[in-house]
Amino acid sequence: MERRKFDVAIIGAGGAGMRAALQLSSGGYNVAVLSKVFPTRSHTVAAQGGITAALGNVTEDNWLWHMYDTVKGSDYLGDQDAIEYLCRMGPQAVYEMEHFGLPFSRLENGKIYQRPFGGQSRNFGGEQATRTCAAADRTGHAMLHTLYQRNIQAKTHFFVEYMAIDLVRDGEGRVLGVVAFDMEKGEPLLIEARATLLATGGAGRIFQASTNAFINTGDGLGMASRSGIPLEDMEFWQFHPTGVQGAGVLISEGVRGEGGYLVNGNGERFMERYAPHAKDLAGRDVVARAIALEIHEGRGCGEARDHVLLKLDHIGREKIMARLPGIREISINFAHVDPLEAPIPVVPTVHYMMGGIPAHYRGQVVVPARTGPEEAVQGLYAIGECACVSVHGANRLGGNSLLDLLVFGRAAADHIVEFLKENPASPPIPADGTDLARSRLARWERRQGSERVADIYRDMQRIMQAHCGVFRKAEVLEQGLVKLEEVRRRLDDAAISDHSKVYNTARIEALELENLMEVAFATIRSALARRESRGAHARDDYPERNDKSWLKHTLVHRDGTIDYKPVRLKPLTVPSFPPKTRSY
């Protein structure tokens, strides 16, 4: 196997991975970034609405108010030390991106443009805040291109179209690098690194209807799970309220922030019934459940009454063309509706994974010992959507995801610098260090069988959509778990063609499906275990939030066993926000 040696290996070239890479490369470290696609095609490019930070450019603001909203938005499952760090560092992270060259939209006075987003308030739950910094409706696109250009300048080494297969660990559990797969040549590559950072994004492709790109296959979570690391809070998946009906493509919350609103089949602006104060800018889980209920109770739109409408024509042509040009383009292309003239048909669509690889707010992967305190996995870090810090808890507020990438991308890089100084040399890779990766690659080399990987993939997605959706209950989840086991067994009889034109592509799809299976099982097992409703996890058989029994994080192991750890309710420097009734 070919070998390359670096100070740091970063898996994933989205906003989190490239922010960390920039910090490290600028500091003189030799950094490798692996990406399945060209870096500017990473899924951060699809983020539309903006980066939330308390700049106070439009209305008076304070990072403590942002912290309160984030804690409340998380349905009190977020760790308050990490949330304080996120919100306190928010303005600095935005100003750094501005200085790097991110072309933010501007107010008339020249300051960075900010728009209202759901779940944001002033003065701890008061009037609507205007806090989300935007570059029209293409903020993620602007951010990704800015970071890529800066990384090229800093001489970051990119491995484009390489898929990470598995982590390399020694007998003491230290991570010493990663085995990757050259997608063009079909050959493995061992990247030795003193520190390895997972920034592989989400895994929304476990569901049939998702706003996620096809590359979002949970590769980092699969690698972590196979190496013995439990996954945290995997029951919490955000269903974005407004995906284009029939296509799943995201319609940004920025539309509602600019004055758009939802109507049902009766022409009623129904969010006034579910969130009298915040209305269409309530927390995403609240709005998604409201839409699902309207459709379920027969008040949907269209002949099938299977969607609601997002109305924005009243905003006016000038504002739409200036602030929401990409949304108009998406609506025309995918909904065949020009929002200047007619409303957009929308439904709740799987969008974001609040759970992930357990990590400290400085990026270290931490595994709670069953008989003692948390222990760091030496040499391993995780940031972005694949990590669970946990700042998003049971429900993420819009605009906090891009901020998460920037704040924890830099924080992880700073901690890696400290780690590298303390560990100037890596231990040697043991003889069996690459066995796990080799066995996975060998398993999918020109296999014969009666099953098609694509069929298994689609059946897994249908099961997750039907059995682990917006509303859940034990009986349905248990049925889904049984069906998922049946689908996983079919993988043993899946074929890989050896035809030169499809060989590598088919092999990659099989490897990705294995990762998705890890995520799907962790999700459905965690959802079964949590017997309450909190944030995005809504149990029909346990409709109330239960802080006495369930104010804790779920940790699901690969063998199906589940542990728990307490929520960190103590912030770093300020008084905590104790749990209370969450309403908008």
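**Cavities and their linings**

Modeller: In the lining of the largest cavity, α3 gives the most, with 6 residues. This is a predicted model, in which local features need pLDDT of at least 70 and side-chain atom pairs count only at pLDDT 80 or more, whereas totals for chains, interfaces and linings use all residues. Residues are numbered from 1 along each chain as its sequence is written, and side-chain values use heavy atoms, with hydrogens and water left out.

Colleague: What makes a space a cavity, and how many cavities of 30 Å³ or more are there?

Modeller: On a 1 Å grid over the protein atoms alone, it is a set of points where a 1.4 Å probe fits but cannot get out. The count by this rule is 3 cavities of 30 Å³ or more, among them the largest, at about 90 Å³, and the second largest, at about 60 Å³.

Colleague: Why are Arg19, Tyr85 and Arg410 said to line the largest cavity?

Modeller: A lining residue has an atom within 4 Å of a point, so these residues, which are in that lining, meet the rule. Two or more lining residues come from each of α3 (80–100) and α11 (400–422).

Colleague: How do you know the classes in that lining?

Modeller: Because Ala, Val, Leu, Met and Tyr, for instance, count as nonpolar, Glu and Arg as charged, and Gln as polar, the lining of the largest cavity divides into 7 nonpolar, 1 polar and 3 charged residues.

Colleague: Which element gives the most to the lining of the second largest cavity?

Modeller: That element is α8, with 4 residues; the lining includes Trp237, Arg284 and Asp285, and its classes are 5 nonpolar, 2 polar and 3 charged.

Notes
On a 1 Å grid over the protein atoms alone, a cavity is a set of points where a 1.4 Å probe fits but cannot get out, and a pocket is an open set with protein on both sides within 12 Å along at least five of seven lines; lining residues have an atom within 4 Å of a point. Grid points are joined across faces, edges and corners, and a volume is the space filled by probe spheres set on the points.
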